[in-house]
Amino acid sequence: MTSEQRASVDNGIWLCANHGRLVDTDVITYTVEVLLQHKARHHSRCKQALTGAAGEQSVKHLIAFGPEIVAVGEINYAQDDQWHFEVEHFVTGDFPDLVRLAGHLRSIPEYHRYVLVNNLGEGRSIGNLSVRREGARVLVECQVTPNAPRTPVTSLPRDFALSANHDLMLEGGDIALVSGIDALPQKILTCLSMRRGESPFFRDFGSRLAEYWVNYMGSPWLEELLKLDIVRLASIPYSSPISKESYTPLMCVERVFRVAILGDLVERRLLVHLELEIVGLGPWSRNLAVHIG
């Protein structure tokens, strides 16, 4: 095989540490053909979970419990401050991880204590979490906080205006400024383009879109994971360690309806289509070239 063939996603299979060692040491049982069959069946199950057996949208969607656990499941009901879920299977993390999260919730940083639901297009901070297994079912109960306050779009603060090439724009020889509704597209674009950990002052701040692109490119989960992270940025308040102010990073986005990838990465930018609910404006959609480099 060439170096390119070995490095290709088509030649990759991702396993846990135990099964990775098993596959590497038992080459008689786990031939190339067997591994490719396992991989094809797994992708088929993932695709069915996302689209439904008949190609229609399934009632089951991705749910995140904190930053490390993502599962396929559905919300059974949401009543007052209680959200109840049924998990079908895990995409990242597993049942023991979920149990550990419930047991150590108070020791986890507040910004990482959340539940995100793609089906709802929103998320909440978690006050308490309980998990139990009934046969093959995993049932989760979350005590959630009230919906985080958002900034009306007309109150978006003034910012430097950026061109389509993401350069500063000039107006009458001076640097142009935008605020309110005019600042909305670049506010969302700037937030989504800031990679988590990129800022030395705000290590937890930023999006995971670049991380998901690298790890799940070509996977049926990619668009759903991107949506999940945009839900996080829209719903979960971040408390600045400098100003001590608490706000949702996307500020005026109240709900995420749809996220779709419109093409391949071009000059380190990924063209995505967003359909959002904006406070003070209503439904809003736009194609944005998000920086993924």
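1. In what order do the three strands of the open sheet lie, and is their pairing parallel or antiparallel? In this predicted model, the order is β13-β14-β15 and the pairing is antiparallel. The edges are formed by β13 (253-261) and β15 (282-291), each of which pairs on one side only. From one strand to the next, the twist averages 25°.

2. Within this sheet, strand β14 (residues 269-278) runs antiparallel to β15 and is joined to it by ten bridges. One position can serve as a reference for the register: R269 stands opposite H291 in β15. Helix α5 (residues 184-193) packs on the sheet and touches β13, β14 and β15. The direction of α5 makes about 50° with that of β15.

3. Two residues of the loops around β13 deserve a check of their backbone angles. M251, in the loop between β12 (246-247) and β13, has a phi near 60°, a positive value in a residue other than glycine. M251 counts as buried because its relative accessibility is 12%, under the 20% cut-off. R268, in the loop between β13 and β14, likewise is a residue other than glycine with a positive phi, near 65°.

4. The largest nonpolar core holds 47 residues, and I188 and L274 touch the most other members. Helix α7 (residues 222-235) supplies the largest share of this core, with eight residues. Another core, of 21 residues, lies apart from it and has F85, L101, V117 and V140 among its members. As background, nonpolar side chains tend to be buried together in soluble globular proteins.

5. The surroundings of L274 can be listed in detail. Leaving aside residues up to four places away in sequence, L274 touches I188, L192, I230, R258, V259, W284, S285, R286 and L288. I188 thus appears among the contacts of L274, and these two residues are also the ones that touch the most other members of the largest core.

6. On internal space, a search of the whole structure finds two cavities of 30 Å³ or more. The largest cavity contains about 60 Å³ of space. Its lining consists of A64, G66, P67, V70, Y114, L116, R208, Y212, L228, D229 and R232. The elements giving two or more residues to this lining are β4 (114-117) and α7. Helix α7 gives the most, with three residues; α7 is also the source of the largest share of the largest nonpolar core.

Note on methods
Residues are numbered from 1 along each chain as its sequence is written. This is a predicted model: local features need pLDDT of at least 70, side-chain atom pairs count only at pLDDT 80 or more; totals for chains, interfaces and linings use all residues. Side-chain values use heavy atoms; hydrogens and water are left out. A nonpolar core is a set of buried Ala, Val, Leu, Ile, Met, Phe, Trp, Tyr and Cys residues joined through side-chain atoms within 4.5 Å. Buried means under 20% relative accessible area, exposed over 50%, partly exposed in between (1.4 Å probe, protein chains only). Helices (H or I, at least four residues) and strands (E, at least two) are DSSP runs, numbered from the N terminus. Contact means heavy atoms within 4.5 Å. Two strands pair if DSSP finds at least two bridges between them. Axes are lines fitted to C-alpha atoms, for helices over the stretch in contact, and angles run from 0 to 180 degrees between N-to-C directions. On a 1 Å grid over the protein atoms alone, a cavity is a set of points where a 1.4 Å probe fits but cannot get out, and a pocket is an open set with protein on both sides within 12 Å along at least five of seven lines; lining residues have an atom within 4 Å of a point. Grid points are joined across faces, edges and corners, and a volume is the space filled by probe spheres set on the points.
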